[in-house]
Amino acid sequence: MKYIVRHLNKVRWGVLMFIVGMLILLPYLHLYQSYEAAHAYDLLAPNEKVIYDSMEWLSKPFVKDPEHDLDNLKGTTWSGTLFGLKLSDPLAVVGQISAGRMIYWPFLLTALIPLLLTIVFGRFFCGWICPATFIYELNDNLAAWLRKIGLPVSKYKLDKRMKYYVLAAGIVISATFGMIAFAAIYPPAIIGREIYYSIALTGFSTGMVFFLFTLLFDLMVSRRGFCRYVCPGGALYSLLGRFRLLRIKRDVTTCNDCAKCNVVCQFGLDPLRDNFSQECNNCTACIAVCPTDALSFTLNIKDVKFQGPGHLGHEYKREIGSNDAV
Amino acid sequence: MKRRNFVKAIAATGVASLLADNVLAAKNNPSLRFVRPPGSLSEDDFISRCIRCGQCGEICPNRCIKFFSFENGVASLDTPFIIPREQACILCMKCGEVCPTGAIKTIEREMHSILDNVKMGKARVDVNLCLSYQGKTCGVCYRACPLADVAIRTGMLEQPHVLDGCVGCGLCERSCIQIPQAIRIIPDHTRKQLKG
């Protein structure tokens with residue numbers, strides 16, 4: 001069990017890569033479908049033939065009638081169709097309710113499964129599914145490298161509560177103007193769309209410009225700044241996952257106070273002092289980096305209070321030592 | 001950023017967009033003639049319902065659905081549209097099936113439900129441009145129409161007459177051999193605007 005938990009971070013990277021890969025694959029499958037529907041293979045341009053052939057090879061084991069069967073897999077993480085099951089981001093539902101000022105039940109129900117998962121796993125979407133996270137984490141690696149060569153990157157800290165104001169402002173703007181404002185500033189929605197635009201339509205659109213600015217914001221201002229301080233989806237997930245069941249816990253008897261967990265946490269949390277809070281997205285990076293396996297999952301709806309310094313650390317040994325002397 | 005400044009920035013954005021109402025919804029731009037996907041709600045309802053997930057475009061087998069950037073104002077950002085002359089709708093009704101929010105209604109692919117529910121626009125013939133009205137029998141639009149004799153009929157010399165059944169799919173406009181096209185879709189939202 002411990003072995004599996006230690007390597008969950010790699011599993012998470014696998015999941016993220018799979019999701020980004022699917023977002024890239026789906027537009028190509030759509031192109032293949034449209035070529036198939038046109039029944040005109042001979043009229044395709046050479047590069048279109050390459051797409052047709054490769055997608056045919058890829059999808060052949062799974063579908064009989066690609067023109068219709070591939071309709072079962074559409075959309076992005078913002079809202080998608082998975083073999084007849086429609087799934088949506090809870091933020092899409094919140095935005096849509098405020099923009100339309102009415103509740104459309106079939107759409108509300110599409111967010112039910114993500115909502116239940118969020119209540120159990122907390123802000124897991126941000127770490128495990130969000131396709132923008134994949135790029136933001138790579139961007140953070142770049143930031144670490146830039147820091148190493150001596151550039152002053154992402155060194156500021158802002159107020160974590162800012163994103164809740166963004167969420168509230170987004171709801172107000174959506175309701176006032178009758179349009180879903182979140183869709184324009186929510187990175188996973190933008191990424192999903194823009195990948196589709198760039199592959200199947202004319203190219204990147206305005207959303208990509210915004211996304212590049214968020215990458216710059218992360219580099220110049222604050223580490224993973226957009227996710228931590230601005231993202232309205234992160235705010236919603238944090239609120240929903242406040243009393244999440246599954247959370248990370250530090251075992252004080254095996255902790256040696258090395259603080260690697262605090263360094264590796266991109267959300268700037270404080271695992272060393274048992275301070276995970278609602279911001280933790282269960283990404284397991286701290287578990288993977290812990291040299292003494294002191295961090296692991298636990299089922300509890302609240303974080304434990306600060307348990308004191310780790311028993312393998314110097315501070316604790318000093319305390320014990322002084323006790324022995326008495 | 002301080003919280004006070006942040007709230008101020010939000011308020012300023014709100015006021016600015018209130019002032020620039022025609023930026024938000026550039027409704028007075030007749031040169032941009034687009035229709036919404038088949039089964040879409042009326043323009044304002046559509047914009048408030050659509051969550052910009054892009055699935056309608058992703059499922060369209062004819063790849064006629066494109067997405068706005070800022071051409072039609074901020075409110076239309078990333079919403080789907082069709083330019084009939086570029087690629088017209090074939091009324092396959094898949095976009096309505098896949099739309100999660102009901103911004104595009106789910107409509108059965110059957111003539112009567114399409115006639116009742118699809119309101120993309122109406123075709124209009126420009127008799128000064130139409131070849132059949134110039135004595136050269138053509139009739140291409142009639143033959144392209146998926147609802148022939150319900151949406152369009154031909155008279156003498158294949159002269160097209162648009163009927164009330166026209167749903168505005170735009171296949172006639174797409175197929176018109178005259179340049180510029182002699183038959184055009186007047187989008188539903190434009191028609192409503194013209195009626196007042």
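**Contacts between domains, helices and chains**

In this predicted model, 12 residues of domain 1 of chain A are in contact with 16 residues of domain 2 of chain A. On the side of domain 1 of chain A that touches domain 2 of chain A, H2(A) supplies the largest share, eight residues. Chain A also touches chain B, with 43 residues of chain A in contact with 34 residues of chain B.

**Domains of chain A**

- The domain assignment divides chain A into domain 1 (18–75), domain 2 (76–237) and domain 3 (245–317).
- Between the C-alpha centres of domain 1 and domain 2 of chain A the distance is 28 Å.
- H2 and strand S1 (73–75) of chain A each contribute at least two residues to the side of domain 1 that touches domain 2.
- By class, that side of domain 1 of chain A has eight nonpolar residues, three polar and one charged.

**Helices H2 and H12 of chain A**

- Helix H2 (residues 8–38) and helix H12 (residues 187–200) of chain A have axes that come within 9 Å and cross at roughly 40°.
- H2(A) and H12(A) are therefore oblique to each other, and the crossing is right-handed.
- From H2(A), Leu23(A), Ile24(A), Pro27(A), Tyr28(A), His30(A) and Leu31(A) take part in the contact; from H12(A), the partners are Gly192(A), Ile195(A), Tyr196(A), Ile199(A) and Ala200(A).
- This contact of H2(A) with H12(A) has nine nonpolar and two polar residues, and no charged ones.

**Chain A against chain B**

- The side of chain A that touches chain B has 22 nonpolar, 15 polar and six charged residues.

Key
Residues are numbered from 1 along each chain as its sequence is written. Chains are lettered from A and ligands numbered from 1 in the order in which they are written. This is a predicted model: local features need pLDDT of at least 70, side-chain atom pairs count only at pLDDT 80 or more; totals for chains, interfaces and linings use all residues. Two residues are in contact if their C-beta atoms, placed from the backbone, lie within 7 Å. Ala, Val, Leu, Ile, Met, Phe, Trp, Tyr, Cys and Pro count as nonpolar, Asp, Glu, Lys and Arg as charged, and the others, Gly among them, as polar. Axes are lines fitted to C-alpha atoms, for helices over the stretch in contact, and angles run from 0 to 180 degrees between N-to-C directions. Helices (H or I, at least four residues) and strands (E, at least two) are DSSP runs, numbered from the N terminus. Angles under 35 degrees count as roughly parallel, over 145 as roughly antiparallel, 65 to 115 as roughly perpendicular and the rest as oblique. A crossing is left-handed if the near helix is turned anticlockwise from the far one by less than a right angle, and right-handed if clockwise. Domain bounds come from an automatic or database domain assignment.
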